[in-house]
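Trainee: I would like a close look at a single strand. Please take me through its surroundings and its pairing.

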Amino acid sequence: MLKVLESAVPVECWSCSVAHNELTLFCPHCSKIQPPQEGNYFSVFSLQPRLNIDVEALEHEFHRLSRRLHPDRFARASENEQEWSLADTALLNDAYRTLKDPIRRTEYLLKLHGAEIGEEHAGKNRRPNEMGASRAPADLLEEVFDLNMQLEEMRLAKAGGEEDSSLKQSLTEAKTKFEGLLNAVDGELHTQWSAWDEGDEAARHDAQNKMVALLDRRRYLSNLVREVNETLGA
Amino acid sequence: MADGRVVGIDLGTTNSLVAYMEGEKPVVIPGVDGSNLVPSVVALDPMPKDGGRPTVTVGNSARKALIETPERAIYSVKRLMGRGLGEIQQELKLFPFRIADDVEEGEVPRIQLGEMKFTLPEISAYVLRQLKRNAERFFGTPVKQAVITVPAYFNDAQRQATKDAGRMAGLEVLRLVNEPTAAALAYGLDRRKEGTIAVYDLGGGTFDISILKLRDGIFEVQSTNGDTHLGGDDIDNLLVAIALDEIYSENGVDLRREPSAVQAIRKAAIEAKIRLSSEPSAHFDIELPNGDRYQREIPREVFDQLIEPVLDRTTGPCRQAMQDAGVTPEQLDEVVLVGGSTRIPAVRQLVDNLFELSARGKKAHTDLNPDEVVALGAAVQADILAGASKATEELLLLDVTPLSLGIEALGGTVAKIIQRNSTIPASATEHFTTGVDGQTNVAIHVVQGERELAADCRSLARFDLKGIPPMPAGLPRIEVKFLIDADGILQVSAREQRSGQQAQIEVKATYGLTDEQVESMILESFDHAEEDFAKRLLIEARNEAETILAAVERAPQHPAWNQLNEQEQTNIVAARDHLVAVKQGDDMKAIREGTTALDQATRHFAELMMEEAVSTAIRGKTMQAAGDDLDENVTAPHPMAPAEFK
């Protein structure tokens, strides 16, 4: 059963009027759907906020909850129930989409704990290309500089209809290298997950800072790999 | 609470169907003529002499009007649904109908049909109403709720327009279902398999590819892609263009501006295309206006080469869909073919190569009729929504939004807030603030698409957040919630968080109708009066009988009559006399049976009449007026389907 973990207040079921102590999505007494409550993505799945997640179990739970909550199950129900089912299912889908993906899950959890993540400054006054990922990591400055030169050369060559195979090869090598770095970042992130999940407050704080930096680096690297792929493929 | 049956409707570019669950099996409901397919053609009968509204006919009977009175008939409306005036004008260069003269930029486009004007959803509503009536005839009870299918790649405006059409037809649309997903449901029903499947859906006008994961009765779409302007029409256009070019260069006859001639060539092209799906070669033979004949033998190899560029356009979307779903061809357990165009051997070959089927000892699934499978799936989904059915209680469809949703940001760029292929319903919450002290409203532009610039995406709506309490710039915090519902349609709500005030939101959809407009376009109200439902069915049965009797009355004057043999003529007269007799009574069923019998008896005669009309048309005798009525921009007007010519 869905529940919100914090601040449970007794509420009365709109349908059977029996009070229940936990803020559940379904009345424990008559099983009717209840108005949506504020909750986070972890609480949707009755999970503690953790970074190591059993994704297989998550999928299973997603399917189980979908069967009960989906608007298809309420096509002929009252207007209120239809509305709640829609809101609850949207929350469920958003939660599943975020938690099943390791990077999104990490970003989300860190954000819940007050971290500022590059992509999080969403809104009207934002340019997609200026999302905090434009600064190269210090240790990679030189290589990135070289790579950008080669990318520019490659684009010029392509525009001129030429095929420079040695340039192509060196770009492919660079790509492999940066993909390797990307994998390394993922490995480090994984280590920090456990540090966060199992550590005390000080250890969590430390892991959090490391993960924020790793996510920045990761975003930079994956943009770079994508750019190389686009230039090679275009 | 609403009750009664929920039907599944496939509202197609070329044909439409209605189906329902008969126990554990979905079946298509035939129309009065016994045919499962209702051509998506709407025609206006001649203006009545008393000055009332002319009758609207739909389907096979309307098809005749395409040749006889093309200015009063319309088809392929699905290609125009949910599009703006400019886009429609562009598209209409290929159609023999046109937008009403008094429509201005920013207004809802209306199509001129004879002396009347219709919005596009209204025209689709007539097709839907016909399907609704077919279902009501079949059940003998009113039908008020339906599931309607749409191409998976339809955007918000196209979906909304389809839903509006349902409402106008007197149907509560319980759900819009994506066509490939519906097909998967129809296939999955008797298989109950697990695994990953791809649905390749190439229809008359649209192409969709969807990749789904099946597990414990849950059909979870992983990704979808497509092209809402790619289908069998494009193949027909190619053949027609080549024929016209060759006729011009070899016979010196320019038929490009003769709508009825183009129509006749198109008919021959479609027939050749269909024959080439089962035979190694097809013969193309047309009599030209000057009496010459244009004859061609088209071997399948030539045909395959010809259509390769069209078919190749489906590979990009397929690859993208696989990439988005994170699967490689060898991870696909099954591939399902949907849509009439997948009967073409070259299409099957392409699918086989693309998904490495033969190489893995597999074959694409084609066992359900590709014309019917979508409607059958819609019936399954209708049964799921109706609830309380053993056959479908374990099934659930989880679909995705085909296009990313974004907001126009500084510099005209797009900030994506819901990514494509997100499971729906999906939501996103964004916060907005003011840029100037005391500012009381904020404008938001919502777009749909994958491109980086808002101008290259599809404009969905402009919202004005009003009533923000005057505060220093940057202080207000307006929370806007975007929600894509289970139909793939956007809903928006907003509130100002610092003052706790509910910000007013004025949604101005870029394309589409307001609620009031839809309300005012609901088709004749007698469709909603259930108390005299039986009476209505009787009246309809009599009307149907009268229509066919009137046509049969004139038959002996038609030249085609003499081409019938004596037995055929006797049968028609007998069926006619029988129908005249039962029409006097109140037995609705007997009248219907009599009508069906007469329709059967006159089928051959009707075909002869069609052929006659077409061959007269190509000699340019009866159709000259058709071209004159057309807009100057029309380069290749023809009554059956769009063509593209240089």
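Mentor: What follows describes one strand of chain B and its two partner strands. This is a predicted model, in which local features need pLDDT of at least 70, side-chain atom pairs count only at pLDDT 80 or more, and totals for chains, interfaces and linings use all residues. Residues are numbered from 1 along each chain as its sequence is written, while chains are lettered from A and ligands numbered from 1 in the order in which they are written.

The part to look at is strand 5 of chain B, residues 41-44. Strands here are DSSP runs of E with at least two residues, numbered from the N terminus. Both faces of strand 5 of chain B are covered. On one side B:Val41 and B:Ala43 are buried, and on the other B:Val42 and B:Leu44 are buried too. A residue counts as buried if 20 or more other C-beta atoms lie within 10 Å of its own, with C-beta atoms placed from the backbone.

Next comes pairing, for which DSSP must find at least two bridges between two strands. Strand 5 of chain B pairs with strand 7 of chain B, residues 73-75, in the antiparallel sense over three bridges. B:Ala43 has B:Ala73 as its bridge partner in strand 7 of chain B. Strand 5 of chain B is also joined to strand 6 of chain B, residues 56-58, by three bridges, and these two strands run antiparallel. Here B:Leu44 has B:Val56 of strand 6 of chain B as its bridge partner.

As for the wider setting, the domain assignment of chain B, which comes from an automatic or database source, gives domain 1 (6-178), domain 2 (405-510) and domain 3 (532-601).

Methods. A residue is buried if 20 or more other C-beta atoms lie within 10 Å of its own, exposed if 12 or fewer, and partly exposed in between; C-beta atoms are placed from the backbone. Helices (H or I, at least four residues) and strands (E, at least two) are DSSP runs, numbered from the N terminus.
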